[in-house]
Structure formats: C-alpha cells, structure tokens
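Colleague: Hi! Could you walk me through this model? I'm new to reading structures, so plain words please.

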Amino acid sequence: MTADSRRLRVGLLFGGRSGEHEVSIRSALSVLEAIDREKYEVVPIGITREGRWLIATDPRQLIAGGAVAGQGTMVAVVPEPGDRKLTTVDATAGRAVGQVDVVFPLLHGPYGEDGTVQGLLELANVPYVGAGVLGSACGMDKGVMKRLFQAANLPVLDWVAIRKVDWRRDPAGTIRELADRLGYPNFVKPANLGSSVGISKVRHPDEFHDALELAFSYDIKVVVERAAIDCREVECAVLGNDEPVASVVGELVPRREFYDYTAKYVSNDTDLYIPADLPEPVGTRVQALAVAAFQAVECAGLGRVDFFVQRDTGAISVNEINTLPGFTSISMYPKLWEASGIGYRELIDRLIQLAFERHAERSALRIS
Ligand SMILES: Nc1ncnc2c1ncn2[C@@H]1O[C@H](COP(=O)(O)OP(=O)(O)O)[C@@H](O)[C@H]1O
Ligand SMILES: [Mg+2]
C-alpha cells in the first residue's frame, strides 16, 4: 500500500460568501501548515465571495490579494449518498476530479457557519468537522440562540428581537419601547452575522435610529440588548460531541470602545490573556456554562462560548457561541486548547476524529 492510499483526504473549505472571507483564508493556511501529513492529505477548496468553489493543487494558487480569486478548477459537488465521500466534479468539463473522505469547513459567518454548507455535506453523506445543520443554524441566529440559552436557564442580558417590517411601520414607537425596556447604553446587532459587522453601541436616544438602520441593512431581524457595564470579556473553548469538555478560560481586552470589526481584524491591538486571571469559582462556573451553552444549541465538535463577567460581583452572562470560531494558530480557540494541553496539530486531528465518530453514530440509525 502506498503512503497516499493510507492517508485520509481532507477537504478544506475556506473563503466563502461572508464578511469573514479573509479570516477564513488565514485559518485555512494555518491548518495546511500544521496538519499531520502522515495521516492526512489536504484537498484545499476555495470558495469565492460569489460562491464559486475552486480547487487547485496548491491553495496559494487560489488566493489572490487576500481573497479566493485566483486560478483553479471550478467544481461542483455531487451528492452520492452511498459512498460516504464528497465527489467534486469539474463544472465545465463535467468529469469527476476528486473525492474527499472528510470535510473541514473552515468558513465563518453566513453560508458556512449557519448550517447551509452543513446541509450540503449531509446530503452528500460525508463526515465533516463541527456542528450539524441544527446546531450551526441555532448558533448563528442571535435571537434563537438566546432563547435556547434561556430555556436552558443560562444567564443572558435582557434583549429584544425586532423585525424589519415592525421597524418600518413605527420607528419612533419601536425606539421608545426599546429604550423603556433596555435603557442605555445598549447594543444593536443584526441577528445573523459575525465579526461585529453591523453592530453599534447606542449610548444616547439620538443614536438609536442610525444604529437600527445599519443593522437592518444587514438582516431582516435585529437583536437589541442591554449593555454589559463594567464587565470583562472572557471566552471558553469547548471540544467534543456527546461529552464535550471545556478549556481554560481566556480574556480579551480590546483597546477600543468594544470588540468591533476594527479591533478584530484591522488594528490587531486587542490583548489576550490565557488563562484569564479570574477567581477560581468564576472560572469553573464559566467552564460549566460553556459546556451547557454548547449543549443548549446542539453544537458538536467545536464551539467557542463568549461571556461577560461583572468586575465587582463576578456575575456572569453568556453572550454567544461561535460554532466555527477563528482557527488560525494564534486565534483564541486553538490558543485556549494549547494552554489546556492540546496542541494545534493534535486539535485538528481530534476534530477530524470527532467528525468521523458523529457520522458513524448517525449512519447507524434506522431510517424507516
Ligand atoms: N450586551 C453587550 N454589552 C457589552 N458589550 C457588548 C454587548 N454585546 C456585544 N458587545 C461587544 O461587541 C462585540 C461583538 O458582539 P457579539 O455579540 O459578540 O457579535 P459577533 O457575533 O459579531 O461577534 C463583543 O465582543 C463585545 O465587545
Ligand atoms: Mg462575538
């Protein structure tokens, strides 16, 4: 048997139709560098901003100017549910160009982290890393996510969801109701997005209108939430399927007003502290809540749960779960596991194993 026939072929999906296109590329390049080549052969699949899937032998061929745009063969995927592999077909020539045994969707935000790609992979009956359709979709929609957290008795900040039709019908009344219920400052967020895109901190009634208009330019549903005041932002990584475990807790300290898009991807001046310097009971509680939040949205594989911790009282609220968190070697999720004793290469390996385990378990179910 040749070395190659023993290696598993991992389809690495990156880029994609989202604001986090570049971050996804950076995550993919990190994984490509670190993955165990003795065990895995990587098939890079770049998705352009328009949604075209491209493959090439060298991933760098696919990337031009920080985006998936370069040379490559445009492929389509064909659901062949019997063979448990993903078959890619040259979209122009119409012939199969390759098969992969497992997919690692390193895509963030809509059309990647939201269950859409996961649905495609389910149809193809191929194992894939991370949450399934339901967990991905529930983790993406901040309104649904918060309801599930509340149903599981997890502490969240008071919030309200508003639909665009209602906003259009009565802007002044909507603002009045929101202000009465939530006060100032508060945060206005598009329900289904990430990377802080479209999010505003509203400190004053005058700012409400523009904040809502901005958020509604990204989504037809918007979540408005009471601001966490005098809080620290801490994050905890979760790994596993049916028996998920939590990493040490990390803290991020943005130098800006909040952890906005610029702080995340432009200025790179947010300080990370791993592990966070928290009183022991608070850290332990955060870890327990992280696992509970992961389970509340039916997550699988990996998830990063983000919290606010009140400086003086230590009171904790869950902010959100990210079902496909940033995954470069220096991103919070891998760093938290590194500090918990699982290095980056081993983490990739575990995630792929978890993908196979979940697929095997589901494949064993009766379907009629
Ligand atoms: N209720 C809140 N109180 C204080 N800060 C918040 C609140 N909601 C969001 N933020 C700030 O905005 C950032 C982005 O919000 P988040 O809900 O995490 O959206 P995203 O999914 O885009 O990351 C947070 O990391 C935090 O700095
Ligand atoms: Mg966030």
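Modeller: Happy to! Let's begin with a term: a residue is exposed if 12 or fewer other C-beta atoms lie within 10 Å of its own, and buried if there are 20 or more. Asp-230 has 10 other C-beta atoms within 10 Å, so Asp-230 is exposed. Keep in mind that this is a predicted model.

Colleague: Where is Asp-230, then?

Modeller: Asp-230 sits in the loop between β13 and β14 (231–240). Its phi is near 50 degrees, a positive value in a residue other than glycine.

Colleague: Why point out the sign of phi?

Modeller: Most residues other than glycine have a negative phi, so a positive one is worth pointing out. Ser-196 also has a positive phi, of about 65 degrees, although it is not a glycine. You can find Ser-196 in the loop between β11 and β12.

Colleague: And how exposed or buried is Ser-196?

Modeller: Ser-196 counts as partly exposed, because it has 18 C-beta neighbours inside 10 Å.

Colleague: Got it. Which peptide bonds are cis?

Modeller: The bond from Tyr-184 to Pro-185 is cis, with omega near -10 degrees, and the bond from Ile-274 to Pro-275 is cis, with omega near -5 degrees. Pro-185 is in the loop between α8 and β11, while Pro-275 is in the loop between β16 (271–273) and α11 (280–296).

Colleague: Let's zoom out. What domains does the chain have?

Modeller: The assignment gives domain 1 (3–128), domain 2 (139–155 + 230–361) and domain 3 (159–226). The C-alpha centres of domain 2 and domain 3 lie 25 Å apart.

Colleague: How many residues are in contact between domain 2 and domain 3?

Modeller: Twelve residues of domain 2 are in contact with twelve residues of domain 3. On the domain 2 side, α6 (142–151) and α10 (261–266) are the elements that give two or more residues. That side divides into five nonpolar, one polar and six charged residues.

Colleague: What about ligand 1, which domains give residues to its shell?

Modeller: Domain 2 and domain 3 each give at least three residues to the shell around ligand 1. There are 16 residues around the ligand, and Phe-187, Ala-227, Ala-228, Phe-258 and Tyr-259 come nearest. The elements that give two or more residues are β11 and β18 (316–322). By type, the shell has seven nonpolar, four polar and five charged residues.

Colleague: Can we look at a helix? Which residues of α9 are buried?

Modeller: In α9, Phe-208, Ala-211, Leu-212 and Ala-215 are buried. They cover an arc of only 100 degrees around the axis, which puts them on the same side of α9. Asp-206 and Asp-210 are exposed on the other side.

Colleague: Why would residues that are not next to each other point the same way?

Modeller: An α-helix has 3.6 residues a turn, so residues three or four places apart point the same way.

Colleague: Nice. What do the buried residues of α9 pack against?

Modeller: They pack against α7 (164–169), α8 (171–182), β11 (186–190), β12 (200–202) and β13 (221–226).

Colleague: And within α8, what does Leu-178 touch?

Modeller: Leaving out residues up to four places away in sequence, Leu-178 touches Val-160 and Val-224. Leu-178 and Val-160 are 18 residues apart in sequence, yet 7.6 Å apart in space, C-alpha to C-alpha. Leu-178 counts as buried because it has 20 C-beta neighbours inside 10 Å.

Key: Residues numbered from 1 in each chain as written. Chains lettered and ligands numbered in written order. Predicted model: local features only at pLDDT ≥ 70, side-chain atom pairs only at ≥ 80, totals over all residues. Domains from an automatic or database assignment. Contact = placed C-beta atoms within 7 Å. Helix = DSSP H or I, 4+ residues; strand = E, 2+ residues; numbered from the N terminus. Nonpolar A, V, L, I, M, F, W, Y, C, P; charged D, E, K, R; others polar. Arc of directions from axis to C-beta. Near = placed C-beta within 6 Å.
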